[in-house]
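Got the viewer open? Here is a short tour of what to select and what you'll find at each stop.

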Amino acid sequence: MREIGHFIGGKLVPGSSGRSGNVHNPATGEVSAKVALASAAEVHKAVQVAAEAFPGWAATPPLLRARILFKFKALIEAHHDELGKIITSEHGKIFEDAKGSVTRGLEVVEFACGIPHLLRGDFTENVGRGIDSWSVRQPLGVCAGITPFNFPAMVPMWMFPMAIACGNTFILKPSEKDPSTSMRLAELAREAGLPDGVLNVVNGDKEAVDAILNDPTIQAVSFVGSTAVGEYIYRTGCASGKRVQALCGAKNHMIVMPDADLDMAADALMGAAYGSAGERCMAVSVAVTVGKAGDALMKKLEPKVRALKVGPGLDPESEMGPLVTREHYEKVRGYVDLGVKEGAKLVVDGRDLKLQGYEKGYFLGGCLFDEVKPSMRIYKEEIFGPVLSVVRANDFDSALQLVNDHEYGNGAAIFTRDGDAARAFAQGVKAGMVGVNVPIPVPMAFHSFGGWKRSLFGDRNAYGTEAVGFYTKLKTTTARWPTGIRAGAEFVMPTMR
Ligand code: NAD
């Protein structure tokens, strides 16, 4: 059995806590590896290693840090297929989608390569007579990232490339469900020339997370995962004086107006609801149809959901792979049972899907509910599976109200040909990422990613210039070089005269 330990100080090290977890291949249900679950002592040791690496790395000119990131970028490109296969074998998503997620992470590395420009300071000559002032951004120290199972390459790459580009050292605690991608990324970063101890991967579960939150050396924590865990991490981390950004759960709505191109909207919903088996924080899980769009869209959607090709992620014919674990499969299936009990109309039932040769895999077919009501739990809660709920609304205003009343506010989209409705939507919607005829509006690396309401705790988004702000602190120096003038002690606020 393959054993996955940790990556600390530039080396693979075995776990020493005596605790481990199983990593599965979701397509077959087989255990593919054992992953070490770190004790608090192992986490603190890794933090010490990262703290020792910090002064040297912080003093490395940003241009030299960028050159290592350029090499890292080239290595990710050279290993693109390999990384995609690792993701598919532990997460289950289809290979091309896995590779796409690597590319979206790679784009953050490309952005981080511009760090010399991003860290350029501000200088003002003559803030007073003969006095100059300048502001610089300096790294924080040791930062940590805690990441979810659904994007094992992309989400870690939202964090560590920006953190280390800014001069910090980093502890990454990936999801224990699919840890191998992070381990490989750390090896590639080392091959690119990253000094030992700058990027460390510590595998583990709640015990490792709590150790990160309690470690006084760690200055900042980036979290991506579910809302319950994210809120706990935000409160605990902030209470111990750390900077925390916690990007959390979602229930993304897509409004379909009667004037929309309904073929385009139906195709968009297929990809957005069922891509990656709905295990995306930007998946569309609710379609709000306005007026006569409802019946017409359902007619187009139903046969498409029935025709969805579900299969192992490495089969090029598959459009959707399995769910990540048996427990997650049971949870999602339980929500479908619940929706039926709550009185929603299950138009397509994916629960009986059986795949020959993959009977032990965690495959659930696409599920489509119509007539879902806002009072139902299947509407209120995040399901995180291939389940799309259709809610009918009479007009644009009540559709927008639905989106705005929901506790989550990650992404939201509208499909329409009416510029007026699109503008009113973009301006009035309470969500952090908005799509107009774009179902999954994930911002590019040179913008930044983050939701509103209970989809994000903290005040900084991930990546982009937001990340430069999060992973650095500002220092402003005011200086003069007096030439023989002695004014004596001054007891009033200095002002310009
Ligand atoms: P999760 O919250 O279960 O786990 C995330 C991380 O927290 C993992 O590293 C895990 O080991 C750790 N963790 C789990 N339980 C913990 C606990 N009780 N105490 C401390 N740490 C704990 O999330 P997941 O199931 O891996 O990922 C799916 C969730 O992530 C969904 O809710 C999804 O919406 C969300 N997500 C959000 C974004 C975003 O940007 N907003 C992006 C991707 C995923």
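**Stop one: the ligand and its pocket**

Start by selecting the ligand: it sits in the largest pocket. Keep in mind as you click around that this is a predicted model. Two elements each give two or more residues to the shell around the ligand, namely helix H8 (206-214) and strand S11 (218-224).

Now show the residues around the ligand. There are 26 of them, and Lys 173, Glu 176, Ser 226, Cys 248 and Glu 382 come nearest. Colour that shell by class and you should count 15 nonpolar, seven polar and four charged residues.

**Stop two: polar contacts**

Which atoms of Glu 176, side-chain or backbone, should you look at beside the ligand? Pick the side chain: a polar atom there lies 2.7 Å from an oxygen atom of the ligand. For Phe 149, go to the backbone instead, where an N or O atom is 3.0 Å from a ligand oxygen. Gly 225 also uses its backbone, with a polar atom 3.3 Å from an oxygen atom of the ligand. Next, switch on a surface for the ligand: taken alone it exposes 840 Å², and the protein buries 88% of that.

**Stop three: the pocket walls**

Hide the ligand and look at the space around it. The largest pocket holds about 810 Å³. Its lining is made up of 37 residues, and those nearest the pocket centre are Pro 148, Lys 177, Gly 225, Ser 226 and Val 229. To see which elements build the walls, select helix H6 (154-165), H8, S11, helix H9 (227-239) and helix H12 (326-342), each of which gives two or more residues to the lining.

Which element gives the largest share of this lining? That would be H9, with five residues. By class, the pocket lining splits into 19 nonpolar, 10 polar and eight charged residues.

**Stop four: the cavities**

Last, turn to the enclosed spaces. How many cavities of 30 Å³ or more does the structure hold? There are five, and the largest cavity has about 90 Å³ of space. To find this largest cavity, select Gly 278, Ala 283, Ser 285, Glu 382 and Phe 384, the closest to its centre of the 13 residues that line it. Colour the lining of the largest cavity by class and you get six nonpolar, four polar and three charged residues.

Before you close the viewer, go back to Glu 382: it is among the residues that come nearest the ligand, and it is also one of those closest to the centre of the largest cavity.

Notes
Residues are numbered from 1 along each chain as its sequence is written. This is a predicted model: local features need pLDDT of at least 70, side-chain atom pairs count only at pLDDT 80 or more; totals for chains, interfaces and linings use all residues. Side-chain values use heavy atoms; hydrogens and water are left out. On a 1 Å grid over the protein atoms alone, a cavity is a set of points where a 1.4 Å probe fits but cannot get out, and a pocket is an open set with protein on both sides within 12 Å along at least five of seven lines; lining residues have an atom within 4 Å of a point. Grid points are joined across faces, edges and corners, and a volume is the space filled by probe spheres set on the points. Ala, Val, Leu, Ile, Met, Phe, Trp, Tyr, Cys and Pro count as nonpolar, Asp, Glu, Lys and Arg as charged, and the others, Gly among them, as polar. A residue is near a molecule or strand if one of its heavy atoms lies within 4 Å of it. A polar contact is a pair of N or O atoms within 3.5 Å; within protein, one must be able to donate a hydrogen and the other to accept it, and residues adjacent in sequence count only if both atoms are side-chain atoms. Accessible areas come from the Shrake-Rupley method with a 1.4 Å probe; for residues, only the protein chains shown count as cover. A molecule sits in a cavity or pocket if more than half of its atoms lie within 2 Å of its grid points. Helices (H or I, at least four residues) and strands (E, at least two) are DSSP runs, numbered from the N terminus.
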